[in-house]
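The exercises below are meant to be worked with the sequence and the model open side by side. Try each task before reading its solution.

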Amino acid sequence: MECEVIEKDYFDIESLKEDYDIEFKQSAGQDGQGKLPKSFWETYSAMANTDGGYIILGVAENKGKLEFPGINQPEKVLKEMWDCVNNPQKVSANLLKEENIKIKDFRKVKIIQIHIPQAGRKHKPVFINGNPLTGTFRRNYEGDYRCDDDIIKQMLAEQTNDTRDAILLPK
């Protein structure tokens with residue numbers, strides 16, 4: 001995967017804050033070399049089940065200020081992410097493609113930008129750990145919140161029913 005220079009092709013990262021469609025995660029791991037945070041999957045589920053968004057790894061938000069510790073081994077983090085996103089025991093749907101993920105240079109460190117697309121109704125709910133009742137999340141403001149049973153049932157019902165405007169009628 002090519003490394004891009006974030007300052008040339010990216011909006012002003014320093015002016016961002018966590019929000020409905022932006023989430024920062026430090027991703028250093030215990031050894032400081034890089035590890036996918038456990039909370040990544042809750043955010044993946046939440047963004048997929050709402051309007052999508054960006055998870056930026058290697059950036060931490062501390063008291064409203066951004067810090068850029070970076071990731072020493074971004075390929076290791078991405079390998080872990082791809083292994084998990086393609087494991088149906090971990091996540092119910094892989095919505096990611098190569099073009100959704102970019103390793104970027106910023107201030108002499110590497111960060112990873114991951115665009116999580118919104119799931120189509122046939123894929124919702126996107127859930128983690130094999131159980132839609134305990135592993136389905138939605139995004140509200142800057143938080144990932146577990147969905148209640150009624151929301152999950154609604155997503156499951158919408159998954160099987162085609163809408164009336166989804167079919168092309170003759171003439």
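**Exercise 1. Describe how β6 and β7 are connected, and state what is notable about the backbone of Arg107.**

Solution. Begin at the connection itself: in this predicted model, β6 and β7 form a hairpin in which two residues lie between the strands. Arg107 belongs to the turn, and its phi is positive, at about 55°. Next, look at the pairing, where β6 and β7 run antiparallel and are joined by six bridges. Finally, pick out individual partners across the pair: Ile101 stands opposite Ile114 in β7, and Ile103 stands opposite Ile112 in β7.

**Exercise 2. Find the other strand in the model that is joined to β7 by five bridges, and decide whether β7 is largely enclosed or not.**

Solution. The strand is β3, which runs antiparallel to β7 and is joined to it by five bridges. Across this pairing, Leu57 stands opposite Ile112 in β7. To settle the second part, consider burial residue by residue: because six of the eight residues of β7 are buried, the strand is largely enclosed by the rest of the structure.

**Exercise 3. Work out whether Ile112 is buried or exposed, and list what surrounds it.**

Solution. Ile112 lies in strand β7. Its relative accessibility is 0%, and since buried means under 20%, Ile112 counts as buried. Leaving out residues up to four places away in sequence, Ile112 touches Ile55, Ile56 and Leu57, then Ile71, Pro74, Val77 and Leu78, and also Ile101, Lys102 and Ile103. Of these, Lys102 is 10 residues away along the chain, yet the C-alpha atoms of Ile112 and Lys102 are separated by 5.7 Å.

**Exercise 4. Identify which residues touch the most other members of the largest nonpolar core, and which elements contribute to that core.**

Solution. The largest nonpolar core has 29 residues, and the ones that touch the most other members are Trp41, Tyr44 and Met81. Two or more residues of this core come from each of α2, β3 (53-57), α3 (74-85), β6 (101-106) and β7 (109-116). Taking Met81 as an example, and not counting residues up to four places away in sequence, one finds that it touches Leu36, Phe40, Trp41, Leu96, Ile101 and Ile114. A second core, separate from this one, has 11 residues, including Ile56, Val59, Leu66 and Val109.

**Exercise 5. Explain why α2 is described as largely enclosed, and then examine Ser45 within it.**

Solution. Start with the helix as a whole: nine of the 10 residues of α2 are buried, and therefore the helix is largely enclosed by the rest of the structure. Those buried residues are Phe40, Trp41, Thr43, Tyr44, Ser45, Ala46, Met47, Ala48 and Asn49. Now turn to Ser45, which is placed in α2 (residues 40-49) and, with a relative accessibility of 0%, counts as buried. The side chain of Ser45 reaches the backbone nitrogen of Phe137 at a distance of 3.0 Å. Apart from neighbours within four places in sequence, Ser45 is in contact with Val126, Phe127 and Ile128, and also with Gly135, Thr136 and Phe137.

**Exercise 6. Decide whether Lys25 is buried or exposed, and find which side chains it meets through polar contacts.**

Solution. Lys25 is located in strand β2 (residues 22-25). Its relative accessibility is 7%, so Lys25 counts as buried. One polar contact, of 3.4 Å, links the side chains of Lys25 and Glu23, while another, of 3.0 Å, links the side chain of Lys25 to that of Ser39. With residues up to four places away in sequence set aside, the residues touched by Lys25 are Pro37, Ser39, Phe40, Thr43, Ile55, Ile56, Leu57, Gly58 and Val59.

**Exercise 7. Summarise the protein as a whole, and state where the confidence of the prediction is below 50.**

Solution. Count the elements to begin with: the protein has five helices and nine strands, arranged along the sequence in the pattern β-α-β-α-β-β-β-α-β-β-α-β-β-α. Of its 171 residues, 42% count as buried. Among contacts with a separation of 6 or more, 67% are between residues 24 or more positions apart. The protein exposes about 10,000 Å², of which carbon and sulfur atoms supply 48%. As for confidence, the average pLDDT is 87, and 89% of the residues score at least 70. Over residues 1-10, however, the pLDDT is below 50, although this stretch has 27 contacts in the model beyond near neighbours in sequence.

Conventions: Residues are numbered from 1 along each chain as its sequence is written. This is a predicted model: local features need pLDDT of at least 70, side-chain atom pairs count only at pLDDT 80 or more; totals for chains, interfaces and linings use all residues. Side-chain values use heavy atoms; hydrogens and water are left out. Helices (H or I, at least four residues) and strands (E, at least two) are DSSP runs, numbered from the N terminus. Buried means under 20% relative accessible area, exposed over 50%, partly exposed in between (1.4 Å probe, protein chains only). A polar contact is a pair of N or O atoms within 3.5 Å; within protein, one must be able to donate a hydrogen and the other to accept it, and residues adjacent in sequence count only if both atoms are side-chain atoms. Contact means heavy atoms within 4.5 Å. A nonpolar core is a set of buried Ala, Val, Leu, Ile, Met, Phe, Trp, Tyr and Cys residues joined through side-chain atoms within 4.5 Å. Two strands pair if DSSP finds at least two bridges between them. Accessible areas come from the Shrake-Rupley method with a 1.4 Å probe; for residues, only the protein chains shown count as cover. pLDDT is the predictor's confidence in each residue, from 0 to 100.
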